[in-house]
Amino acid sequence: MAAVAARYPKLKEMGVEVLAISTDSRFSHKIWHEIELSKMVEGGIPFPMLSDPGGKIGAVYGVYDEEAGVDIRGRFIIDPDGIIQAAEILTPSVGRNPDELIRQLQAFQHVRATKGAEVTPSGWRPGKPTLKPGPDLVGKVWQVWKVEDSF
Amino acid sequence: MGISLTFGKLSEVQNVNAKGGDVEMPKRREFIAGVVGGSVGLFASASTDASVKGGMANMPQEVDACVRPAAGPLIPKTAGETQPAKEVAPMVPLARVGKEAPDFEATAYIPGEGFKLVKLSDYRGKWVVLCFYPGDFTFV
């Protein structure tokens, strides 16, 4: 959570809101924030920390682990129309990569800005070539995009 | 102590206030306000104000707007309407990429603001990153 918070200024600049959610109570969130998170990130966590008692919301999102009784690490990108554009679900031992989150958001925002006229190939970042899907592109991606552009 | 307070009379609550100096008490009173609501809730928030003036003057003043339980998952009933999903069993995952994000209402702690109810659909028109995580105080 702290790493996402550290990238929050960038996310805010992109017009992105963050909602963190776990099965803990709001009281637990407050104390965790007070004694630990606020010491990891300057200014503390700048977004709401939601409570999902019993994992009811997590169950609907397919991230609730009944055995452990917790919501596992699931990250959903939701666009301004309320459509889920991306989902990433990890078991608890491995953390997320906030920079990859930002890259995906940039790509989804770019596609939305072009109303789908442009799509973003593997590893796309702002400034890299996009693809314009259509009959003319069939069989010719190799001419306009190189595998090295992914990296 | 906190539990007896829940059932205590207003005067007993005032007694505890009068002892003062106990910084844990405002949090407990906020909790009681959340459970009992109504007039006691109003009283509790007023006494919290007093504590803020006392020992926590440099802290931002946070509010407790969670005076009722959150609805949790909300599922579509008819066009444009939603209802709490607890009335519908069993719970199956509904979230899919490319589909509308299932709506929900949850209680939340917002640093600097306090306890509030947050509804996903209130964020319509904005990009949202919804991050589930296994628990507070976990290491990763």
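In chain B of this predicted model, I110(B) stands opposite G114(B) in β5(B), and this pair is a convenient place from which to enter the structure. The two strands concerned, β4(B) and β5(B), pair in the antiparallel sense over six bridges, and they form a hairpin with three residues between them, where G112(B) in the turn has a positive phi of about 85°. On β5(B) there is a further pairing to follow, since strand β1 (residues 63–64) of chain B runs parallel to β5(B) over two bridges, with D64(B) standing opposite F115(B).

From the hairpin the reader can move to the contact between the chains, which takes 44 residues from chain B and 57 residues from chain A. On the side of chain B that touches chain A, the elements giving two or more residues are β2 (72–76), β4 (103–110), β5 (114–119) and β6 (127–132) of chain B, so that both strands of the hairpin described above are found in this list. By residue class, that side of chain B divides into 30 nonpolar, seven polar and seven charged residues.

Strand pairing also crosses from one chain to the other: strand β5 (residues 73–78) of chain A pairs with β6(B) in the antiparallel sense over five bridges, and within this pairing I77(A) stands opposite V129(B).

Turning to chain A as a whole, one finds six helices and six strands, which, read along the sequence, follow the pattern α-α-β-α-β-α-β-β-β-β-α-α. The C-alpha atoms of chain A fill a box of roughly 55 × 35 × 30 Å when taken along the principal axes, and of its 151 residues 34% count as buried. Among contacts in chain A between residues at least 6 apart in sequence, 42% join residues at least 24 apart.

How far the details of chain B should be relied upon is a matter of the predictor's confidence. Chain B averages a pLDDT of 68, with 46% of the residues scoring at least 70. Among the elements of chain B, β6(B), the partner of β5 of chain A, has the highest mean pLDDT (97), whereas helix α1 (residues 2–7) of chain B has the lowest (42). Over residues 1–56 of chain B the pLDDT is below 50, and this stretch has 41 contacts in the model beyond near neighbours in sequence. For the complex, the predictor gives an ipTM of 0.93 and a pTM of 0.74.

Terms used:
Residues are numbered from 1 along each chain as its sequence is written. Chains are lettered from A and ligands numbered from 1 in the order in which they are written. This is a predicted model: local features need pLDDT of at least 70, side-chain atom pairs count only at pLDDT 80 or more; totals for chains, interfaces and linings use all residues. Helices (H or I, at least four residues) and strands (E, at least two) are DSSP runs, numbered from the N terminus. A residue is buried if 20 or more other C-beta atoms lie within 10 Å of its own, exposed if 12 or fewer, and partly exposed in between; C-beta atoms are placed from the backbone. Two residues are in contact if their C-beta atoms, placed from the backbone, lie within 7 Å. Ala, Val, Leu, Ile, Met, Phe, Trp, Tyr, Cys and Pro count as nonpolar, Asp, Glu, Lys and Arg as charged, and the others, Gly among them, as polar. Two strands pair if DSSP finds at least two bridges between them. pLDDT is the predictor's confidence in each residue, from 0 to 100.
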